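Student: Please take me through one part of this structure slowly. I am new to it, so spell out the cut-off behind each term as you go.

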Amino acid sequence: MILVEDYLGRIGLTERPKADHSGLVALQLAHLMSVPFETHDIHSRIKIICNEQGFLNKIIVRKRGGFCYELNT
């Protein structure tokens with residue numbers, strides 16, 4: 001099971017940001033700087049599995065980037 005702490009570690013945050021404007025800015029900036037936009041799977045014709053667990057596994061566990069709906073989920 002992937003936890004919030006796993007995601008925060010993936011994006012380089014050591015603790016949960018506060019639930020306010022500055023916390024949201026910090027969270028978004030850390031995500032943008034740590035998780036690249038990539039289209040490798042599309043060009044390699046690798047099947048895209050469109051479900052939350054697949055996205056979390058790709059981005060957090062496998063430390064890959066993603067595209068549009070993978071990152072925006």
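Tutor: Let's begin with F55, which is buried, its relative accessible area being 8%. Here buried stands for under 20% relative accessible area, exposed for over 50%, and partly exposed for anything in between, using a 1.4 Å probe and protein chains only. Please keep in mind that this is a predicted model, where local features need pLDDT of at least 70, side-chain atom pairs count only at pLDDT 80 or more, and totals for chains, interfaces and linings use all residues. Residues are numbered from 1 along each chain as its sequence is written, and side-chain values use heavy atoms, with hydrogens and water left out.

Now to the rings. The whole structure has two aromatic pairs. F55 and Y69 make a tilted one, with 6.2 Å from centre to centre and 50 degrees between the planes. This pair ties together distant parts of the chain, as F55 sits in helix α4 and Y69 in helix α5, 14 residues apart. Unlike a buried residue, Y69 is partly exposed, at 39% relative accessibility. Y69 also pairs with F67, this time edge-to-face, at 5.0 Å centre to centre and 75 degrees between the planes. F67 is buried, with 6% relative accessibility. Through these ring pairs, F55, F67 and Y69 become a cluster. For the terms: rings of Phe, Tyr and Trp (its six-membered ring) pair if their centres lie within 6.5 Å, and planes under 30 degrees apart are stacked, over 60 edge-to-face, and the rest tilted.

Let's step back to the helix that carries F55. The buried residues in α4 are F55, K58, I59 and I60. They are covered by parts that include α1, α3 and α5, where contact means heavy atoms within 4.5 Å. The helices come from DSSP runs (H or I, at least four residues; strands are E, at least two), numbered from the N terminus. At the N-terminal end of α4, N51 acts as a cap, with a side-chain oxygen 3.2 Å from the backbone nitrogen of Q53. Past the helix comes K63, which has a positive phi, near 55 degrees. I59 and I60 also belong to the largest nonpolar core, whose seven residues are L8, I11, A30, V35, I59, I60 and L71. Such a core is a set of buried Ala, Val, Leu, Ile, Met, Phe, Trp, Tyr and Cys residues joined through side-chain atoms within 4.5 Å. Within that core, A30 touches I11, and it also contacts L13, leaving aside neighbours within four places in sequence.

K58 brings charge into this picture. K58 and D41 form a salt bridge, at 3.0 Å from N to O. The partners come from distant parts of the chain: K58 from helix α4 (residues 52-61) and D41 from helix α3 (residues 40-43), 17 residues apart. Each is buried: K58 has a relative accessible area of 3%, and D41 one of 6%. K58 makes another salt bridge, to E70, where the closest N and O atoms are 3.1 Å apart. Here too distant parts are linked, since E70 lies in helix α5 (residues 68-72), 12 residues from K58 in helix α4. E70 is buried, as K58 is. A salt bridge here is a side-chain nitrogen of Lys or Arg within 4 Å of a carboxyl oxygen of Asp or Glu.

These bridges are part of a wider network of salt bridges that links E38, D41, K58, R64 and E70. R64 sits in the loop between α4 and α5. R64 is buried as well, at 17% relative accessibility. Its side chain meets that of E38 in a polar contact of 2.3 Å. A polar contact is a pair of N or O atoms within 3.5 Å; within protein, one must be able to donate a hydrogen and the other to accept it, and residues adjacent in sequence count only if both atoms are side-chain atoms. Not counting residues up to four places away in sequence, R64 touches R10, V35, E38, H40, D41, K58 and I59.

The structure holds five salt bridges. One of them joins R16 to E5, with closest N and O atoms 3.2 Å apart. R16 is in the loop between α1 (4-10) and α2 (21-34), while E5 is in helix α1, 11 residues apart. R16 is exposed, at 53% relative accessibility, and E5 is partly exposed, at 45%.
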